[in-house]
Amino acid sequence: MEKRILVTGAGGFIGSHLARELYKQGNFVRVVDIKWDGYIEEPYYSEKLTLDLREYKNCLEATKNIDYVYNLAANMGGIGFITTVGADVMHDNVLINANMLQASVENKIKRFFFSSSACVYPTYRQENPDVPGLKEEDAYPADPDNFYGWEKLYTEKMCEAYKKDYGLDVRIVRYHNIYGPEGTYEGGREKAPAALCRKIAQAQNPGVIDIWGDGKQTRSFCYIDDCVRGTIMLMESDYDKPLNIGSDRLVTIDELADIIIKISGKKIDKKHDTSKPQGVRGRNADLTLVKKILGWEPKISLEEGLKKTYRWIEAQLKKKD
Ligand SMILES: NC(=O)c1ccc[n+]([C@@H]2O[C@H](COP(=O)([O-])OP(=O)(O)OC[C@H]3O[C@@H](n4cnc5c(N)ncnc54)[C@H](O)[C@@H]3O)[C@@H](O)[C@H]2O)c1
């Protein structure tokens, strides 16, 4: 049966892919964003509204006659952005999330999905490259590494409070480094996989690229199609506590770059720049709970996902030449 769904932040990376899948499934999908990037392939929505969700009246308009809200709008970016910008990230995101929660109660939304982040996890569990995966319960005692993570943790709690006081049915995901085509790849907000794909695509052959940090910091990366599948499964489940969606394959940033270099077919040297931010030293996802609750795990290998991402970014850059 057709559901009436709102996806906020649908001019962005995850929101656009998610909206496309929900739209393909035959739902009425309203998409909202403050701006629209030109490179997202249409059609992927039933109705499109351009709104600033920091304003309460706009959140009321966005949630009008809607049953299910996927709230993905956020002022965010990769490590370069979130280590530089603190106040605007906290200010904008707390307004978006507080107003969206309140408007969802006012408009009697059936279920509210909040996109939290692996950035909520405490710094003291991420000090070595060879870290165990982060379990959902590891978030406390809290000590996120950056302001963005603190705001996400605060909004997780706000979701809990709205459930308790107003009976709002909430779903909370903690995404770990989602990547894929149609994500930001330039301009300062891009994340490591997209930034490395861009640098390698633009490099001479033979050539050299710079890597932020010493390259030994570790992360895990989850492909967008797996993320969208898990997101919809979580929304349709009965589970209302925070749940990881990510990958548990830990790689160093050097290894990530090497996979992309191999895909490019170029001969590229890596030059490390330790003056640049690298975030926590190591971060991995523990998927025990999400496997148990949803029966979800990622299916697309890093090599396969990066191949698609690299080809897309390469094609975008060629279009600009
Ligand atoms: N991509 C990841 O790896 C990742 C990891 C953890 C959490 N998340 C969370 O998932 C969500 C989606 O992330 P993404 O990677 O698609 O980011 P994105 O930046 O591509 O998309 C976010 C969208 O929100 C929009 N937005 C910002 N301020 C707004 C406002 N005032 N009103 C309306 N729209 C506004 C932006 O224009 C953007 O299109 C975010 O909440 C993010 O914090 C993402």
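What follows is a short dialogue on reading the features of this predicted model.

Me: Let's start with the chain as a whole. Into which domains is it divided?

Reply: Domain 1 covers 4-178 + 224-245, and domain 2 covers 181-220 + 249-284 + 299-320. Their C-alpha centres are 25 Å apart.

Me: How many residues of each domain are in contact with the other?

Reply: On the domain 1 side there are 27, and they meet 26 residues of domain 2. Looking at the domain 1 side, α1, α3 (79-84) and α7 (224-236) each give two or more residues. Helix α3 has the largest share there, with four. By residue type, that side has ten nonpolar, twelve polar and five charged residues.

Me: And the largest nonpolar core, where does it lie relative to the two domains?

Reply: Both domains give residues to this core, so it lies between them. The core has 89 residues, and V7, A19, V69, Y70, C197 and I260 touch the most other members. Helix α6 (residues 192-202) gives the most, seven residues.

Me: Pick one of those. Which residues does I260 touch, leaving out its close sequence neighbours?

Reply: If you skip residues up to four places away in sequence, I260 touches L196, C197, I200, L306 and Y310.

Me: On to the ligand. Which residues are closest to it?

Reply: The closest are G9, G12, A74, S117 and Y175, out of 25 residues that surround the ligand. That shell splits into eleven nonpolar, nine polar and five charged residues.

Me: Which helices and strands supply at least two residues of that shell?

Reply: There are α1 (13-24), α4 (87-106) and β5 (111-117). Helix α1 gives the most, with three residues.

Me: How do I read a strand like β5? Is it mostly covered or mostly open?

Reply: A general idea to begin with: side chains in a regular strand alternate between the two faces of the sheet. In this structure, β5 is mostly covered, with six of its seven residues buried.

Me: Which strands does β5 pair with?

Reply: With β4 (residues 68-71), β5 pairs in the parallel sense over four bridges. Strand β6 (residues 170-175) also runs parallel to β5, and six bridges join the two. To find your place on screen, look for Y68 opposite R111 in β5. Then look for S117 opposite Y175 in β6; S117 and Y175 are also among the residues closest to the ligand.

Me: What should I look for in the backbone angles?

Reply: Most residues other than glycine have a negative phi, and most peptide bonds are trans. So exceptions are what you look for. One cis peptide bond runs from E42 to P43, with omega near 0°. P43 is in the loop between β2 (28-33) and β3 (47-50). Another cis bond joins N205 and P206, with omega about 0°; P206 sits in the loop between α6 and β8 (207-212).

Me: Which residues other than glycine have a positive phi?

Reply: K108 is one of them, with phi near 55°, and N177 is another, at about 40°. K108 belongs to the loop between α4 and β5, while N177 is in the loop between β6 and β7 (178-179).

Me: Are K108 and N177 buried or exposed?

Reply: Count the other C-beta atoms within 10 Å: 20 or more means buried, and 12 or fewer means exposed. K108 has 10, so it is exposed. N177 has 20 C-beta neighbours inside 10 Å, so it counts as buried.

Conventions:
Residues numbered from 1 in each chain as written. Predicted model: local features only at pLDDT ≥ 70, side-chain atom pairs only at ≥ 80, totals over all residues. Near = placed C-beta within 6 Å. Nonpolar A, V, L, I, M, F, W, Y, C, P; charged D, E, K, R; others polar. Domains from an automatic or database assignment. Contact = placed C-beta atoms within 7 Å. Core = buried A, V, L, I, M, F, W, Y, C linked by C-beta atoms within 7 Å. Pairing = 2+ DSSP bridges.
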